[in-house]
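Here is a protein model to explore. Have a look at the sequence and the structure, then read on for a short tour.

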Amino acid sequence: MGGGGAVKLIGGKSSFFCARVEWALKLKGVKYEYVEEDVKNKSPLLLKLNPVHKKIPVLVVHGDKPIAESLVILEYIDEAWKENPLLPQDPAQKAVARFWAKFNDEKCVLGAWNACLAEGEKKAAAIESAKESLAFLEKQIEGKPFFGGENIGFLDLVIGWLPLWLGVMEECGEMKLMDAEEFPFLHAWAHNFVRIPPIQECSPPKEELVAYFRPSLSYVRSLAANNQ
């Protein structure tokens with residue numbers, strides 16, 4: 001059945017929020033047009049399609065209907081294209097997946113970024129806080145090949161930033177958050193996740209991400225220093 005009509009994704013290759021949407025489209029076998037957006041010089045198209053947040057990703061379906069926010073987009077994709085379901089069918093399990101997706105975006109992503117950004121005496125505390133959040137994910141993946149169980153699912157796509165983007169943050173922030181000895185189950189999951197063909201196909205080279213993140217990190221640090 002599908003979403004009907006042409007599908008277009010407005011995104012950016014440096015964004016894991018966009019990557020999770022591309023991964024879902026690939027896993028579902030959905031044909032789509034990809035439009036690269038320059039987030040530093042936002043296009044009139046993006047401002048028209050997402051006037052509220054002015055952010056990527058935006059999925060355009062039925063020719064002209066925009067859907068914003070990556071978690072919302074993932075759920076739309078799962079409902080519109082029934083093949084290879086991403087979310088559990090059981091309402092309770094579905095609610096749990098949504099909870100951990102929200103936790104990932106609000107705690108794990110922000111925690112890792114804050115640790116990357118932190119300098120001096122604040123660095124150690126920020127790293128410890130980020131690790132505490134990752135420890136919850138470690139417990140969730142213990143004993144399973146994927147967060148979705150035996151097959152890749154919604155939560156795997158949401159947490160899929162860890163294998164590549166966290167490594168970039170670690171390199172740029174000169175730190176280590178996800179050590180293999182401390183987080184063995186997350187490391188085993190990451191090993192499985194990045195070897196899935198659609199994930200490999202839509203993941204940018206690490207060196208390109210590092211080249212993008214370094215100046216962004218320096219810019220944000222300079223803004224923080226000027227505001228002190």
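## A hairpin and its neighbours

This model is predicted, so take the tour with that in mind. Let's start with the hairpin made by β3 and β4, where 3 residues sit between the strands. One residue to look for here is His62, which takes a positive phi near 55°. The two strands of the hairpin, β3 and β4 (residues 65–68), run antiparallel and pair over 4 bridges. Within that pairing, Val58 stands opposite Ala68 in β4.

β3 also pairs with strand β1 (residues 8–11), again in the antiparallel sense, over 3 bridges. There you can find Lys8 standing opposite Val60 in β3.

## Both faces of β3

In a regular strand, side chains alternate between the two faces of the sheet. Which residues sit on each side of β3, and are they buried or exposed? Val58 and Val60 are on one side, Leu59 and Val61 are on the other, and all of them are buried. That leaves both faces of β3 (residues 58–61) covered.

## A helix with two sides

Next up is helix α5, which runs from residue 122 to 141 and has 20 residues. From its first C-alpha to its last, α5 reaches 30 Å, close to the 28 Å expected at 1.5 Å a residue. The buried residues of α5 are Lys123, Ala126, Ile127, Ala130, Lys131, Ser133, Leu134, Leu137, Glu138 and Ile141. They are on the same side of α5 because they cover an arc of only 170° around the axis.

An α-helix has 3.6 residues a turn, so residues three or four places apart point the same way. What about the other side of α5? There, Ala124, Ala125 and Lys139 are exposed.

## The largest pocket

Now for the open spaces. The largest pocket holds about 1200 Å³ of space and is lined by 37 residues. If you want to find its centre, look for Ser14, Ser15, Phe17, Val39 and Tyr212, which lie nearest to it.

Several helices help to line the largest pocket: α1 (16–28), α3 (70–80), α4 (91–117), α7 (162–173) and α10 (206–226) each supply at least two residues. Which helix gives the most? That would be α10, with 8 residues. By class, the lining of the largest pocket has 18 nonpolar, 7 polar and 12 charged residues.

## The second largest pocket

The second largest pocket has a volume of about 370 Å³, and 21 residues line it. Leu86, Pro88, Phe147, Gly148 and Gly153 are the ones nearest its centre.

Here α4 and α6 (154–158) each supply at least two residues of the lining. The largest share comes from α4, with 4 residues. The lining of the second largest pocket splits into 12 nonpolar, 6 polar and 3 charged residues.

## A closed space

Rolling a probe the size of a water molecule over the atoms shows where empty space is left. How many cavities of 30 Å³ or more does the count give? It comes to 1.

The largest cavity has a volume of about 40 Å³. Its lining is made of Gly12, Lys13, Ser15, Cys18, Ala19, Glu22, Trp165, Cys202 and Pro204. α1 gives the most to this lining, with 3 residues. Sorted by class, the lining of the largest cavity has 5 nonpolar, 2 polar and 2 charged residues.

Key
Residues numbered from 1 in each chain as written. Predicted model: local features only at pLDDT ≥ 70, side-chain atom pairs only at ≥ 80, totals over all residues. Heavy atoms only, no water. Buried < 20%, exposed > 50% of the residue type's maximum accessible area, 1.4 Å probe, protein only. Pairing = 2+ DSSP bridges. 1 Å grid on protein atoms, 1.4 Å probe; cavity = no way out; pocket = protein on both sides within 12 Å on 5 of 7 lines; lining within 4 Å. Points joined across faces, edges and corners; volume = space filled by probe spheres on them. Nonpolar A, V, L, I, M, F, W, Y, C, P; charged D, E, K, R; others polar. Expected span 1.5 Å × (residues − 1). Arc of directions from axis to C-beta.
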